[in-house]
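Visitor: Could you walk me through the charge pairs and cysteines in this one?

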Amino acid sequence: MDPLRQSPSRSSSRASSPRTLPSEMLGYVGIEAVLDQLKIKAMKMGFEFNIMVVGQSGLGKSTMVNTLFKSKMWKSTMPGLGVPTPQTLQLQSVTHVIEESGVKLKLTVTDTPGFGDQINNDKCWDPILGYINEQYEHYLQEEILITRQRHIPDTRVHCCVYFVPPTGHWLRPLDIEFLRRLCRTVNVVPVIARADSLTIEEREAFRHRIQENLKTHGIEVYPQQCFDEDINDKILNSKIRERIPFAVVGADQEHIVNGRCVLGRKTKWGIIEVENMAHCEFPLLRDLLIRSHLQDLKDITHNVHYENYRIFRLNESHVLPRGPGWVNLARAPASVPAPAGPQANPGPSKVGGWAKDNSDEEC
Amino acid sequence: MEAEANSGSPEDSWAFIQRPGEGCRTVPLAGHVGFDSLPDQLVNQSVSQGFCFNILCVGETGLGKSTLMDTLFNTKFEGEPATHTQPGVQLQSNTYDLQESNVGLKLTIVSTVGFGDQINKEDSYRPIVEFIDAQFEAYLQEELKIRRLLHNYHDSRIHACLYFIAPTGHSLKSLDLVTMKKLDSKVNVIPIIAKSDAISKSELTKFKIKITSELVSNGVQIYQFPTDDEAVAEINGTMNAHLPFAVIGSTEELKIGNKMVKARQYPWGTVQVENEAHCDFVKLREMLIRVNMEDLREQTHSRHYELYRRCKLEEMGFKDTDPDSKPFSLQETYEAKRNEFLGELQKKEEEMRQMFVQRVKEKEAELKEAEKELHEKFDRLKKLHQDEKKKLEDKKKSLDDEVNAFKQRKTAAELLQSQGSQAGGSQTLKRDKEKKKTREEKSISDRTCTTPGKHPVVPCALVVCAV
């Protein structure tokens with residue numbers, strides 16, 4: 001920090017409100033030290049991240065989680081070992097604290113065994129939506145207390161990874177229904193699971209078809225286009241959007257390839273390296289989820305999805321029973337009219353951008 | 001190995017949430033995952049949003065508040081020096097956009113105008129407290145809205161209050177004590193000794209000790225720099241011992257040695273602002289901006305604002321009920337309050353309507369009475385008029401009768417006269433008659449005089465005596 005460095009004597013690049021006066025700084029003051037203060041505070045408090053994996057059994061969800069966070073979060077369940085398939089959808093949640101370079105992350109992974117496994121899968125998304133809304137409800141209750149805690153524990157689901165089975169054709173009706181409902185409540189990242197059964201060309205074709213399907217049904221997956229704040233974000237995010245859904249392969253066993261120790265799946269015809277971009281797109285998923293967009297996922301959950309839920313809750317009648325009838329609230333806010341005013345500016349208002357989708361016929 | 005939390009019955013088919021501290025195990029990582037970039041992600045996001053910082057300067061006129069702000073932020077903020085003739089204490093607020101490398105700061109400086117200038121200073125603290133409360137209230141309103149934009153909200157709550165103490169060298173004034181006591185629960189109060197080039201070093205140490213002891217004995221809680229974080233604990237601890245800071249502000253630059261420094265020049269020497277031996281300005285800048293800005297903001301939000309919010313909500317009638325009674329007490333209380341308010345409004349409306357009706361009735365009654373009176377008066381006058389008319393007609397009639405009678409007698413007399421003149425020697429008679437005539441005429445004229453000139457016809461009741 002050179003005390004004699006002259007700072008640019010320009011007003012801030014962001015639009016200031018009419019009554020602020022741009023001032024010329026004649027010397028170094030030390031305002032940027034606030035960034036360090038922020039970092040210290042954040043590292044002391046630690047971070048929280050909640051992720052949910054949804055998909056049919058056998059698609060490699062648990063393995064994927066283990067690969068993502070390079071630790072044995074879950075015991076990979078293998079069918080046929082005497083473990084009966086659950087008759088109803090049950091959610092299981094695991095919380096671990098992982099630390100890297102002084103940064104503590106409290107990670108909660110929620111699994112959904114039994115999703116889509118029954119013969120009649122009607123309304124199998126209800127428990128999931130109910131769980132997500134329940135987390136929002138917990139947070140809301142904490143927030144409206146008179147004497148509230150300094151730091152409200154955040155159990156809201158920040159990201160939902162949806163595993164699409166590698167059929168190679170189209171999205172199945174179950175996938176479409178589920179994605180349609182969920183994309184309004186939570187950030188959804190679809191991935192093509194077990195992509196080692198598709199060749200590269202098949203992958204690309206499958207990806208295009210899935211993208212078309214998503215567009216036809218108006219499903220906005222993360223990163224959502226309407227939340228791009230400035231041009232840099234737009235460029236970055238459109239690159240990501242081109243590659244969604246990622247074709248991933250999960251593996252938690254290490255093998256020796258060319259003298260290096262890599263994570264991979266060993267088959268008779270070769271070893272599929274998980275972290276090799278030529279083999280699968282796992283690094284893209286990892287980078288998106290962890291290295292570059294983790295904070296953004298949390299912010300969108302807090303600023304958009306949670307606010308939508310809150311508006312919905314505060315607008316409806318206050319005579320709400322808790323109990324079995326509660327699940328019906330899982331319906332996405334049907335007619336959330338877009339607020340007049342800041343919608344025209346690109347960026348600043350992220351709330352209320354869901355005016356277009358109409359509610360479904362769910363009771 | 002891992003903890004599976006299986007839910008029980010099929011109805012309750014979502015998982016039991018593990019609260020922090022309950023069975024959270026630390027899992028070792030087998031490789032580099034990459035979330036150590038998280039603090040950077042957080043910081044990037046904050047930078048793109050920008051920071052805001054609000055300072056309140058409380059102090060008497062002429063203590064150098066504006067100059068100190070200029071010196072602190074190395075900028076010439078606009079402003080005119082205030083006069084001493086303000087009738088009351090007012091607050092003047094200005095917002096500036098500062099930019100340093102890639103960090104944008106929205107700085108708001110609020111200054112008291114006319115503080116300590118009045119003769120009666122009992123209420124001087126009140127506008128300040130009201131201003132601070134108004135900022136809290138604005139934030140609370142935004143937070144309680146249904147559709148809110150909290151992440152874009154321009155936070156106007158005061159993060160730090162610099163209280164300027166006059167450099168008397170003796171002790172705190174009672175105005176200072178009272179004001180600081182009122183402010184300490186609402187804002188982070190940092191007392192500083194202004195214009196400290198007027199005090200010598202030995203006096204300064206005594207002054208500081210006196211001030212701190214007075215603050216402690218009066219129970220004023222000034223802001224202590226936080227010492228719980230190892231990175232800054234040491235420096236904050238030493239700084240805490242130097243409170244209150246003795247500062248000098250100056251925007252003039254003088255050449256000392258071969259550098260341009262901010263200083264004030266006197267005939268007996270030059271006081272350098274950034275020289276630690278001369279004053280504590282550098283310490284103040286360190287503490288306020290470079291080390292603790294974030295902590296000041298956090299204290300404002302988590303301590304002072306929460307206290308205000310709690311008091312305000314309790315005052316409005318909300319309570320935290322037990323978790324198993326009402327799931328959404330805030331909403332229900334809102335509804336109840338709203339209904340109550342509407343009921344009151346309706347009642348008031350009814351009352352007003354009733355009062356209005358009553359008044360109208362009264363007015364009507366009054367008007368009716370007046371009307372009646374008028375009628376009566378009219379009748380009375382009419383009757384009077386008729387009576388008078390009748391009287392006058394009677395009089396007229398009687399006078400007419402007299403006139404007729406006189407005429408008859410006149411003709412009769414003339415007839416007699418003509419007959420008498422023929423008879424001759426009726427001069428005496430004529431004379432008598434003339435005499436009588438004049439006498440009667442006189443008496444008639446007398447009588448005409450008595451009747452008030454209405455009937456000029458000469459009534460004549462001539463008693464003609466047959467001669």
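Guide: What follows is a short talk about salt bridges and disulfides. This is a predicted model, in which local features need pLDDT of at least 70 and side-chain atom pairs count only at pLDDT 80 or more, while totals for chains, interfaces and linings use all residues. Residues are numbered from 1 along each chain as its sequence is written, chains are lettered from A and ligands numbered from 1 in the order in which they are written, and side-chain values use heavy atoms, with hydrogens and water left out.

Visitor: OK, how many salt bridges over all chains?
Guide: There are 41 over all chains, a salt bridge being a side-chain nitrogen of Lys or Arg within 4 Å of a carboxyl oxygen of Asp or Glu.

Visitor: Which residue does Arg286(A) pair with?
Guide: Arg286(A) forms a salt bridge with Glu275(A), with 3.3 Å between the closest N and O atoms. Arg286(A) is buried at 7% relative accessibility, whereas Glu275(A) is partly exposed at 38% (buried is under 20% relative accessible area, exposed over 50%, partly exposed in between, with a 1.4 Å probe and protein chains only).

Visitor: And what does Arg285(B) pair with?
Guide: Arg285(B) forms a salt bridge with Glu274(B), the closest N and O atoms being 3.2 Å apart. Arg285(B) counts as buried at 8% relative accessibility, and Glu274(B) as partly exposed at 37%.

Visitor: Switching topic, how many disulfides?
Guide: A search of the whole structure finds zero over all chains, where a disulfide is a pair of cysteine sulfur atoms within 2.5 Å.

Visitor: Is Cys279(B) buried or exposed?
Guide: Cys279(B) is buried, with a relative accessible area of 4%, while Cys311(B) is partly exposed at 43%.
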